[in-house]
Amino acid sequence: MDNSNKSLQGKVALVTGAGHGMGRNHVMMLASRGATVIALDLDREAVAKTAKAIGGECLAVAADVTDIPALQAAIAEAAMKVGPIDILVNNAGIGGQGLAIEDIDETTFDAMVAVNMKGSFFATQAVIPAMKERRYGKVINISSNFAMGGAAFASHYAACKSALSGFVKSWARELAPWNIAVNAVAPGIIETEMTLNSIGKERIDGMATEIPMGRIGTLDDISWAVAWLASKETDFLTGQVLSPNGGATIVGI
Ligand code: NAD
């Protein structure tokens, strides 16, 4: 991590799902660039560890993104403590690989929607009023490569990730008059607890051979994209999906 780049000095960032994996790394990246970070996660112990690793510039918040009143109250309380939120990273998510259409029951489907889609919507709803008031904001939704390419045996996951890219396009249009930029980062495959638990190490390593760049992504590959979208350098960039994936999925004109 490059500690000389202080492009986010003076900014307050909120990262959901910040106790493990990529969310934790996004917190470290944003903090290294000078932001004060609110690290929010369901896992109280894990998010406390994230905050401790950063030091003074990080506030740990234990909250479940599916409990909307509690989530919004926790965000309001955190903003009271460290200041209004300039950057929101909607990263909290659960995996869904390995389930055929016939095996996705209603409970499983609803849980996927509640965490991956609804949680991001209502976290965004909580930060938008203060961003509008200050005519500044960056919202970054963590989508997935699967939103663009589809995913056999994870269709409920891929659909929710497509929704996150869809929100981005609508929110970008709706919020542009207030100078709020909204974009998505759609990571390719990354080794985290989510992928280790759902598809396993062997399959993850095997996927590297299917990626044009010959390797899977690192945590930093994704956090760099998040930090760039959080920075001034992307003030005129909105409604876009940026996909660090080593060429695994290439779409566009
Ligand atoms: P991870 O499982 O390592 O971390 C997810 C974090 O979200 C955990 O800390 C978990 O406690 C938290 N979380 C889960 N449910 C929550 C809830 N209800 N409320 C609050 N926090 C909750 O996963 P990861 O691989 O780091 O994934 C991070 C994001 O990136 C997810 O949105 C995931 O869908 C997405 N993604 C991952 C990959 C990959 O290959 N790992 C690829 C594309 C997109």
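User: Let's start with Val241: which strand is Val241 in?

Analyst: This is a predicted model, so treat it as a prediction. The strand that holds Val241 covers residues 241–242. That makes the place of Val241 strand 7.

User: Is Val241 buried, partly exposed or exposed?

Analyst: The relative accessibility of Val241 comes to 31%. Buried would need under 20%, and exposed would need over 50%. Val241 falls between those cut-offs, so it counts as partly exposed.

User: Val241 is part of a nonpolar surface patch, so which residues make that patch?

Analyst: The patch covers about 220 Å² of surface. Val241 is one of its members. The full set is Met148, Val241 and Val251.

User: Moving on to charges, how many salt bridges does the whole structure have?

Analyst: One of them pairs the side chains of Asp86 and Arg134, with N to O at 2.9 Å. Searching the whole structure gives a total of 7.

User: How many residues apart in sequence are the parts that Asp86 and Arg134 tie together?

Analyst: The two side chains meet in a salt bridge. Asp86 sits in the loop between helix 3 (68–82) and strand 4 (87–90), while Arg134 belongs to helix 4 (residues 106–134), so the pair links parts whose separation in sequence is 48 residues.

User: Of those two partners, which one is buried?

Analyst: Arg134 has a relative accessible area of 37%, so it is partly exposed. For Asp86 the value is 3%, and buried means under 20%. So the buried partner is Asp86.

User: Which residue meets Asp235 in a salt bridge?

Analyst: Here the N to O distance is 2.8 Å. Asp235 lies in the loop between helix 9 (219–230) and strand 7, and its partner lies in strand 5 (residues 137–142), so the pair ties together parts 97 residues apart in sequence. Asp235 is partly exposed at 34% relative accessible area, whereas the partner counts as buried at 1%. That partner is Lys138.

User: Some salt bridges share partners, so which residues do they join into one network?

Analyst: Start with a pair: Asp221 forms a salt bridge with Arg215, the closest N and O atoms being 2.8 Å apart. Salt bridges that share partners also join residues into one network, made of Glu191, Lys201 and Asp205.

User: Now the ligand: how far is an oxygen atom of the ligand from an N or O atom in the side chain of Asp41?

Analyst: There are 28 residues around the ligand, and Asp41 is among those that come nearest, along with Met22, Asn91, Tyr157 and Thr192. Lys161 has a polar side-chain atom 2.8 Å from a ligand oxygen. For the side chain of Asp41, the distance to a ligand oxygen is 2.5 Å.

User: What share of the ligand's exposed area does the protein bury?

Analyst: A backbone N or O atom of Leu42 lies 3.3 Å from a nitrogen atom of the ligand. Taken alone, the ligand exposes 820 Å², and the share of that buried by the protein is 93%.

User: Is Gly56 buried or exposed?

Analyst: Gly56 lies in the loop between helix 2 (44–54) and strand 3 (58–62). With a relative accessible area of 77%, Gly56 is above the 50% cut-off, so it counts as exposed.

User: And the whole chain: what radius of gyration does it have?

Analyst: The chain has 9 helices and 7 strands, and 48% of its 253 residues count as buried. A compact globule with 253 residues would have a radius near 18 Å, and the chain agrees with that because its radius of gyration is 17 Å.

Methods:
Residues numbered from 1 in each chain as written. Predicted model: local features only at pLDDT ≥ 70, side-chain atom pairs only at ≥ 80, totals over all residues. Heavy atoms only, no water. Patch = residues over 30% accessible without salt bridge, like charges linked within 9 Å, V, L, I, M, F, W, Y side chains within 5 Å. Areas by Shrake-Rupley, 256 points an atom, 1.4 Å probe, with all protein chains shown as cover. Salt bridge = Lys/Arg side-chain N within 4 Å of Asp/Glu carboxyl O. Helix = DSSP H or I, 4+ residues; strand = E, 2+ residues; numbered from the N terminus. Buried < 20%, exposed > 50% of the residue type's maximum accessible area, 1.4 Å probe, protein only. Near = heavy atom within 4 Å. Polar contact = N/O pair within 3.5 Å; in protein donor to acceptor, adjacent residues only side chain to side chain. Rg over C-alpha atoms; globule rule 2.2 N^0.38 Å.
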